[in-house]
Amino acid sequence: MTGPYAIVTGGSRGIGAACCRLLAAKGLDIAFSYRGDDAAAAALTRQIEAAGRQALAVKADMATEDGVVQLFTAADDRFGAPPTHVIVNAGITGKIRRVADMSATEIQAVTDLNVVGALLTAREAIRRMSTERGGPGGGIVLVSSAAAWLGSPNEFVHYAASKGAVSTMTLGLAKEVAREGIRVNAVAPGLIDTDIHASAGAPDRVDRLQSLVPLGRGGTAEEVAEAILWLLSAESSYVTGTILPVSGGR
Ligand code: NAP
């Protein structure tokens, strides 16, 4: 890996935390955001520092423009340079419900973070990384979901729709900045064993659904992080606008 540092949104737990640990092990300093879990952010900070890298934990809401700008500005101040690797990871599913039972507030919250927040994060990244704006170029990876093609009926159709938007913005962003030194790709994880299922109200969801996965099990956050690492690395230098399923064949 080359470049001064990586930014990871929603980095304190789950897939984001696995990315932070892996990128730090590859020699990058890390700035990451989180929403509320100070203890998880502090633990991750210690792990990154134990790997010999700098860690900047920023408590900021990625569903808001102020929060996204706060993360990038804090990173500007700490590292004195633009990031070269950005992982747009922060996301929520909302509670499991049929659409007929959802409130407008629940639908809005998922859309604000997963769609608006992702676009704003990409905007801040491009403003700093674009070679046309004097930046160093680099890589952006968005975290979409297999839900984008499964549709998630009876669980979280609003979430699936938001991840469809993430996949589509990946295609458009990749073409928009291809001549500005930035590659934009996405991963689409399937059933991954993190706290997100408990937050949705179904802590046993991976155990319950893993028989539907062709590989016969849920995936780990580390397996998703490895795919993201490849998309950010020089080894994928001719890959942009790609949505890479990490879903055990589902
Ligand atoms: P997770 O275990 O629930 O972790 C979510 C992380 O995002 C936490 O660090 C959390 O911080 C942070 N976060 C949540 N809302 C935020 C906000 N508004 N602003 C800033 N940070 C926020 O989730 P995960 O399973 O790792 O999911 C990560 C991404 O992968 C999401 O985009 C998700 O949709 C996607 N994904 C997951 C799966 C899966 O099966 N796990 C499958 C497909 C796609 P706090 O701890 O402080 O709240």
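Pro83 touches Tyr5, Ile7, Phe72, Arg128, Met129, Pro136 and Gly137, leaving aside residues up to four places away in sequence. In this predicted model, Pro83 sits in the loop between α3 (65–79) and β4 (85–88). Its partner Arg128 belongs to helix α4 (residues 104–129). The chain that holds both has 9 helices and 7 strands.

**Pro83**
- The relative accessibility of Pro83 is 0%, so the residue counts as buried, the limit being under 20%.
- Leu23 lies 60 residues from Pro83 along the chain, and the C-alpha atoms of the two are separated by 13 Å.
- Phe72, Arg128 and Pro136 are among the residues that Pro83 touches.

**Arg128**
- Arg128 has a relative accessibility of 17% and therefore also counts as buried, since the limit is under 20%.
- Its side chain makes a polar contact with the side chain of Glu124, at 2.8 Å.
- With residues up to four places away in sequence not counted, Arg128 touches Phe72, Thr73, Asp76, Pro82, Pro83, Gly135 and Pro136.
- Phe72 and Pro136 are thus touched by Arg128 and by Pro83.

**Arg98**
- Arg98 is placed in the loop between β4 and α4.
- The side chain of Arg98 makes a polar contact with that of Asn154, at 2.7 Å.
- Between the C-alpha atoms of Arg98 and Val166, which are 68 residues apart along the chain, the separation is 22 Å.

**Overall form**
- The radius of gyration is 17 Å, which agrees with the value near 18 Å for a compact globule of 250 residues.
- The C-alpha trace spans about 50 × 40 × 35 Å along its principal axes.
- Of contacts between residues at least 6 apart in sequence, 73% join residues at least 24 apart.

**Surface and charge**
- Half of the chain, 50% of its 250 residues, counts as buried.
- The accessible surface is about 10900 Å², and carbon and sulfur atoms account for 52% of that area.
- The chain carries 23 positive and 25 negative side chains.
- The centres of the positive and negative sets lie 2 Å apart.

Definitions and conventions:
Residues numbered from 1 in each chain as written. Predicted model: local features only at pLDDT ≥ 70, side-chain atom pairs only at ≥ 80, totals over all residues. Heavy atoms only, no water. Helix = DSSP H or I, 4+ residues; strand = E, 2+ residues; numbered from the N terminus. Rg over C-alpha atoms; globule rule 2.2 N^0.38 Å. Buried < 20%, exposed > 50% of the residue type's maximum accessible area, 1.4 Å probe, protein only. Contact = heavy atoms within 4.5 Å. Areas by Shrake-Rupley, 256 points an atom, 1.4 Å probe, with all protein chains shown as cover. Lys, Arg positive; Asp, Glu negative; His and termini not counted. Charge placed at Lys NZ, Arg CZ, Asp CG, Glu CD. Polar contact = N/O pair within 3.5 Å; in protein donor to acceptor, adjacent residues only side chain to side chain.
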